[in-house]
Amino acid sequence: MNPSSTSPARMRSQAWRIAGWSAAALLLLVPLVAMQFTPEVRWSAGDFLVFGLMLAGVGAGLELAARQTADLQYRLAAGVALLSAFLVVWANLAVGIVGEPSHLANGMFFGVLAIGLLGSVLGRGQAPAMAANLLVMASLQALVGLVVVAAELDTAGLVASVVLSLLWLLSALLFRRAARAQA
């Protein structure tokens, strides 16, 4: 048996992984339980599938970040970015950030995510590239907020853009710190 496979650090890492995936599974059960007690929550099999895929995406992203580096700043940056992306998708699919989910303005929020995903792939997840990518995302998100205001769509879109811009900036700052620590 390999002694490094049972090291305390590896065991802690495994415990965190088990806790994280267990939390995702429990989150998936929340609407199922809620459906038993209130008629306001009615999810179809498709709803559960999409939510499960979203949770799996965040979990896989966190796993990838953990494998990328042991640097806590990097992992926190990835966690903030993934949580923010999750919230964008969830809010847009559930009720729509700007009006109804089908409102065209909601596509701008998905556009910011698409550019962020492309930047992450092109930057290969490296901390300096991720810092720049998240800075671009924060700028684009602020621009989305300005478009929402200029078009007089609604205040929820502006509030969401401000909050998301701040979250993208926080993630960029954490990636920048991780890049400095690596250098």
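## Phe51 and the aromatic residues

Phe51 is buried in this predicted model, with a relative accessible area of 6%. Its ring pairs with that of Trp43 in an edge-to-face arrangement. The ring centres of Trp43 and Phe51 are 5.4 Å apart, and the angle between the planes is 85°. Because edge-to-face applies to planes over 60 degrees apart, the 85° of Trp43 and Phe51 falls in that class. Trp43 itself is partly exposed, at a relative accessible area of 26%. The pair therefore joins a buried Phe51 to a partly exposed Trp43.

The structure holds six aromatic pairs. Trp43 and Phe51 also belong to one aromatic cluster, together with Phe48, Phe86 and Trp90.

## Largest pocket

The largest pocket has a volume of about 1,000 Å³. Its lining is made up of 26 residues. Those nearest the centre are Trp16, Arg17, Leu62, Glu63 and Ala66. Two or more lining residues come from each of α1 (8-37), α2 (45-68) and α3 (72-94). Helix α1 gives the largest share, with 12 residues.

Sorted by class, the lining of the largest pocket has 15 nonpolar, five polar and six charged residues.

## Second largest pocket

The second largest pocket has a volume of about 750 Å³, and 30 residues line it. Gly61, Leu82, Ala85, Leu117 and Ser120 lie nearest its centre. At least two lining residues are supplied by each of α2, α3, α4, α5 and α6 (155-182). The largest share of this lining comes from α2, which provides eight residues.

By class, the second largest pocket is lined by 22 nonpolar, seven polar and one charged residues. Helices α2 and α3 appear among the contributors to the largest pocket and also among those to the second largest pocket.

## Arg124 in the α4-α5 loop

Arg124 sits in the loop that runs between α4 (106-122) and α5 (127-150). Although Arg124 is not a glycine, its phi is positive, at about 55°. Is Arg124 buried or exposed? Its relative accessibility is 69%; since the exposed class begins over 50%, Arg124 counts as exposed.

The two helices that flank this loop, α4 and α5, are also among the elements that line the second largest pocket.

Methods: Residues numbered from 1 in each chain as written. Predicted model: local features only at pLDDT ≥ 70, side-chain atom pairs only at ≥ 80, totals over all residues. Heavy atoms only, no water. Helix = DSSP H or I, 4+ residues; strand = E, 2+ residues; numbered from the N terminus. Buried < 20%, exposed > 50% of the residue type's maximum accessible area, 1.4 Å probe, protein only. 1 Å grid on protein atoms, 1.4 Å probe; cavity = no way out; pocket = protein on both sides within 12 Å on 5 of 7 lines; lining within 4 Å. Points joined across faces, edges and corners; volume = space filled by probe spheres on them. Nonpolar A, V, L, I, M, F, W, Y, C, P; charged D, E, K, R; others polar. Phe/Tyr/Trp six-rings, centres within 6.5 Å; stacked < 30°, edge-to-face > 60°.
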